[in-house]
Amino acid sequence: MSLDRPPAPMAPSTPITQAGDAVIWSHPVFCSIALPMRASRGAWQRETEAESVRIEPSSIDDMVPSGRILRLSMMHICDAAFRANSQVVELGEDRTSLAAVLGIDPKTRDLTDQWQRLQAARFTWSAGGSGEVSVFDARSRRRAGDLGWRSGVRLGAKFLSSLVEHAVALDRRVVRELSATPAALDAYAWITMSLRRMAPDQIVTTPWDDLRRRFGTASQDVAEFRSSFEAMLRLVVEAES
């Protein structure tokens, strides 16, 4: 697949006051590798030649966070941490407050479950052959049996440093338009990150097999993945228009 659209004139160094609420700042790893689409038990991992993401629940019998709530949650966490340059992100006094910032119905069935899984998981990222970087500070992880509401999360110091240095600006309106379709959010984030990194008039080609490793499933062949990913790209084009 080739990308040849010139990049939009915005970079992570753009002052936040100019971006305002029209932008959601995300980490490049969440733009380049899809998080779990569906809940599964035990550790989950996705890796490419360049980087990997691993999520380990608090026990092998527990479920990993997944789907659209996980994606919207990580976007919100990264955005809030980037704007404040702070490891600590406040979530509000209850699930209604959280739902409001995520832009979803507070009655969403699995909102509480997904957040309990996210706060209990060991979430790591590695790139370029370097050691694992913890997304969340281990000291703030939810312990087994802790089911009460927790009003905040704390990011790992190295992850925050990487976020501040390399943040990717996503259009909040487009994210909202695609929020019900996790695979479309993945496609949009990847396209946005890729175009921001391109020089004017540059053409970058990414093999479909590489995209399948990043965003597909092990059960998909390349032809099946290409068909589904192209459908998501069409949703992205519609949302951006």
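A search of this whole predicted model finds 14 salt bridges. Three of them are set out here, each with its closest N to O distance.

| Salt bridge | N to O distance |
|---|---|
| R122 and E56 | 3.0 Å |
| E132 and R122 | 3.3 Å |
| E230 and R226 | 3.1 Å |

Let us start with R122, which meets E56 in a salt bridge and forms another with E132. R122 belongs to strand β6 and E56 to strand β4 (residues 51–56), so their contact ties together parts that are 66 residues apart in sequence. E132 sits in the loop between β6 and β7, so its bridge to R122 joins parts that are 10 residues apart in sequence. How buried or exposed are these side chains? R122 has a relative accessible area of 30%, so it is partly exposed. E56, at 22%, counts as partly exposed because buried would require a value under 20%. E132 is partly exposed too, with 48%.

The bridge between E230 and R226 stays inside one helix: these residues are four apart in helix α10, so about one helical turn separates them. E230 is partly exposed at 28% relative accessibility, and R226 is partly exposed at 39%. Elsewhere, salt bridges with shared partners join E51, D209, D210, R212, R213 and R214 into one network.

Now for the strands around R122. An open sheet of four strands runs in the order β3-β4-β6-β7, with antiparallel pairing. Its edges are β3 (44–47) and β7 (133–134), each of which pairs on one side only. Strand β6 (residues 122–127) runs antiparallel to β7, and two bridges join them. Here W125 stands opposite V133 of β7.

W125 also leads us to the aromatic side chains, since it forms one aromatic cluster with F30, F123, F136 and F159. Across the structure there are 11 aromatic pairs. One of them is W208 with F225, an edge-to-face pair with 6.3 Å from centre to centre and 70° between the planes. This pair links distant parts of the chain, with W208 in helix α9 (residues 208–215) and F225 in helix α10 (residues 222–240), 17 residues apart. Both W208 and F225 are buried.

What arrangement do the rings of W208 and F229 adopt? Their centres are 6.2 Å apart and their planes stand at 80°, so this pair is edge-to-face. W208 lies in helix α9 and F229 in helix α10, so the contact ties together parts that are 21 residues apart in sequence. W208 and F229 are both buried.

Key:
Residues are numbered from 1 along each chain as its sequence is written. Side-chain values use heavy atoms; hydrogens and water are left out. Two strands pair if DSSP finds at least two bridges between them. Rings of Phe, Tyr and Trp (its six-membered ring) pair if their centres lie within 6.5 Å; planes under 30 degrees apart count as stacked, over 60 as edge-to-face and the rest as tilted. Buried means under 20% relative accessible area, exposed over 50%, partly exposed in between (1.4 Å probe, protein chains only). A salt bridge is a side-chain nitrogen of Lys or Arg within 4 Å of a carboxyl oxygen of Asp or Glu.
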